[in-house]
Amino acid sequence: MSPKELLYIEDALGHTQFLMNQCREAASKLTDPALRQQAQALVNGNQKLFTQFYNLI
């Protein structure tokens with residue numbers, strides 16, 4: 001894997017981690033159960049993406 005490809009994966013990991021944190025924070029502040037569940041589903045989806053990107057290394 002080239003250094004440029006590694007930088008791309010590192011960038012993607014950072015973005016997915018940022019999105020997980022944002023969704024986790026939103027889920028903790030939401031009072032509507034349906035919206036909270038949707039935010040948690042986004043956390044889970046981003047966690048899956050993070051794992052897939054991480055496994056490329």
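Author: Helices here are DSSP runs of H or I with at least four residues, numbered from the N terminus. The model in question is a predicted one.

Reader: Okay, so how many helices and strands does the protein chain have?

Author: The secondary structure of the protein chain consists of two helices and zero strands.

Reader: And where does Asn 46 lie?

Author: Asn 46 belongs to helix H2, which covers residues 33–55.

Reader: Is Asn 46 buried or exposed there?

Author: Asn 46 has a relative accessible area of 11%. Buried means under 20%, so Asn 46 counts as buried.

Reader: Which residues does Asn 46 touch, then?

Author: Leaving aside residues up to four places away in sequence, Asn 46 touches Thr 16, Leu 19, Met 20 and Cys 23.

Reader: Back to the whole chain. How much of the protein chain is buried?

Author: Of the 57 residues in the protein chain, 19% are buried.

Reader: What about the radius of gyration?

Author: The protein chain has a radius of gyration of 14 Å, whereas a compact globule of 57 residues would have one near 10 Å. Along the principal axes, the C-alpha atoms fill a box of roughly 45 × 15 × 10 Å.

Reader: New topic: what share of the accessible surface belongs to carbon and sulfur atoms?

Author: Carbon and sulfur atoms account for 60% of an accessible surface of about 4,400 Å².

Reader: And how far apart are the mean positions of the positive and negative charges?

Author: The protein chain carries 5 positive and 5 negative charges, and their mean positions are 7 Å apart.

Technical notes
Residues are numbered from 1 along each chain as its sequence is written. This is a predicted model: local features need pLDDT of at least 70, side-chain atom pairs count only at pLDDT 80 or more; totals for chains, interfaces and linings use all residues. Side-chain values use heavy atoms; hydrogens and water are left out. The radius of gyration is taken over C-alpha atoms; the globule rule is 2.2 Å times the number of residues to the power 0.38. Buried means under 20% relative accessible area, exposed over 50%, partly exposed in between (1.4 Å probe, protein chains only). Accessible areas come from the Shrake-Rupley method with a 1.4 Å probe; for residues, only the protein chains shown count as cover. Lys and Arg count as positive and Asp and Glu as negative; His and the chain ends are not counted. The place of a charge is taken as NZ of Lys, CZ of Arg, CG of Asp or CD of Glu. Contact means heavy atoms within 4.5 Å.
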